[in-house]
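Trainee: Got a minute to go through a model with me? I'd like to start with the overall picture and then look at single residues.

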Amino acid sequence: MSAAHANNMDLMAPPVVKTIQKGLLVVGLVFAVISLALAFVRPDEFFRGYLLGYMDWLGVTLGSMAILMIRHLTGGGWGMVIRRILGAAMRCLPLMAVLFIPIVFGIPKLYVWARPLDSIADKHLREHLQDLTRSYLTVHGFIIRAAIYLAIWNLLSFLLTKWSREQDTPPSRDNSARFKAVSGPGLILYAFTISFAAIDWVMSIDPSWISTIYGLLILIGELLSAMCFAVVVERILVDYKPMSELLKPDFVHDHGKWMLTFTMVWAYFSFSQWLIIWAGNLPEEITWYMRRLNGGWGFIGLFLAIFQFAVPFVLLLSRPFKRDIRRLVWLAVWILFMRYLDLFWIIEPNYSKTLNLTLADVVVSVAIGSIWLAYFFRNLNSLPLLPAYDVFANEVLEPAHE
């Protein structure tokens, strides 16, 4: 029934997608040129801004893959209607692998452990790094582990995409067993790899401090970013066919509930990290928070507590709000901005004791984001917005019952 219905529909993305893609590509190229100039004039600021922008957009990419795997394990129309949006974001992983190369060149600028030990003024840090840089934090180890993480993520993306493409042509296929066979282990692999990647790429900026929940904080932030991004894209598409016929208020409601869930879990993990460190009452464990509560950084932390948790939490308790895509999208855009601010608060205080937003923090992030979005919309335009020959497509294609 679903395939027959789909044959009477044009399931490809509307022409506006290609228009948006071209505009974003132009913006990306312009900001990339400015970023390149900054790389020569202010290399330290450039690499810091680059790491910030990279982690922000990597979060949307990996979070989309994780939510897609959750959907394959649980089923439901809520995931089917955004499945190709999530898939298009996931297929940006080859781009993210290429965009990691500048971080490799910036290792000495970004990480104190990659510099000669005799150049480190802090005696205690120098002694701490003597053992650490022989066993784990080495440049070669950093690069090899990064290659492994990116290879695993791209392999998962390849398999999920390959079997999804098969459902665009007759006959109808039930690939759910294949998807589940990959998604179950895939989610475990994702959790482990992003945790280690977060330690390597972000937490090791300050090698004297460690948190066992750090990887989970990055993970849940990625899931929140990805779901908000999916809401933004479906809002763009809902004014055009076929999304105007596929997206039902019940699905939007489910997406809002996922946003609420991820928001609460992010707040729980953030509070848990602070509570454990506060309860431990050990001087060496509070350095991370001391940097982020002084020099103006405390205002950012308070802003995050209010506007990434408290306000979204209250708004998302409203059922009518969660069912209206035209209202929900504004909160999704806001949370995406807060995710950038959260990463800024995590990364930048390692380099500056006082609140400092550099030109590179903005320009480089815009360059990476615009190029990423152009590639995303290219991916979105390459496949139908619904795998019509998936036997479960009728969850979306059947008429809504109000």
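Mentor: We can take the fold as a whole, then cysteines, prolines and two buried residues.

Trainee: Before that, what kind of model is this?

Mentor: It is a predicted model, where local features need pLDDT of at least 70, side-chain atom pairs count only at pLDDT 80 or more, and totals for chains, interfaces and linings use all residues. Residues are numbered from 1 along each chain as its sequence is written, and side-chain values use heavy atoms, with hydrogens and water left out.

Trainee: How many helices and strands?

Mentor: The protein chain has 20 helices and 0 strands. Both are DSSP runs numbered from the N terminus, helices being H or I with at least four residues and strands being E with at least two.

Trainee: What does the radius of gyration say?

Mentor: The protein chain has 22 Å, which agrees with the value near 21 Å for a compact globule of 402 residues. The radius is taken over C-alpha atoms, and the globule rule is 2.2 Å times the number of residues to the power 0.38. The C-alpha trace spans about 70 × 40 × 40 Å along its principal axes.

Trainee: What share of the residues is buried?

Mentor: Of the 402 residues, 53% are buried. Buried means under 20% relative accessible area, exposed over 50%, and partly exposed in between, with a 1.4 Å probe and protein chains only.

Trainee: And how much of the contacts comes from residues 24 or more positions apart?

Mentor: Such pairs account for 83% of the contacts with a separation of 6 or more. Contact means heavy atoms within 4.5 Å.

Trainee: Switching to cysteines, how many disulfides?

Mentor: The count is 0 disulfides, a disulfide being a pair of cysteine sulfur atoms within 2.5 Å.

Trainee: Which cysteine sulfur is nearest to that of cysteine 92?

Mentor: That of cysteine 228, 17 Å away. The sulfur of cysteine 228 in turn has cysteine 92 as its closest partner, and at 17 Å that is too far for a bond.

Trainee: Is cysteine 92 buried or exposed?

Mentor: Cysteine 92 is buried, with a relative accessible area of 0%. Cysteine 228 is buried too, also with 0%.

Trainee: Now prolines. Which peptide bonds are cis?

Mentor: One is the bond from proline 170 to proline 171, with omega near 0°. Another joins lysine 241 and proline 242, with omega about 5°. Most peptide bonds are trans.

Trainee: Where do proline 171 and proline 242 sit?

Mentor: Proline 171 is in the loop between helix 10 (139–165) and helix 11 (176–201). Proline 242 lies in the loop between helix 12 (214–237) and helix 13 (243–246).

Trainee: You mentioned buried residues. Where is alanine 13?

Mentor: Alanine 13 is in the loop between helix 1 (2–7) and helix 2 (16–41), and it counts as buried at 11% relative accessibility.

Trainee: What does alanine 13 touch?

Mentor: Leaving out residues up to four places away in sequence, alanine 13 touches Leu380, Asn381 and Leu385. Alanine 13 and leucine 380 are 367 residues apart in sequence, with their C-alpha atoms 7.0 Å apart.

Trainee: And leucine 331, which helix is that in?

Mentor: Leucine 331 lies in helix 18 (residues 325–347). Leucine 331 is buried, with a relative accessible area of 6%. Beyond its neighbours within four places in sequence, leucine 331 is in contact with Met259, Pro312, Leu315, Leu316 and Phe321.

Trainee: How far is leucine 331 from leucine 357?

Mentor: Their C-alpha atoms are separated by 24 Å, and the two are 26 residues apart along the chain.
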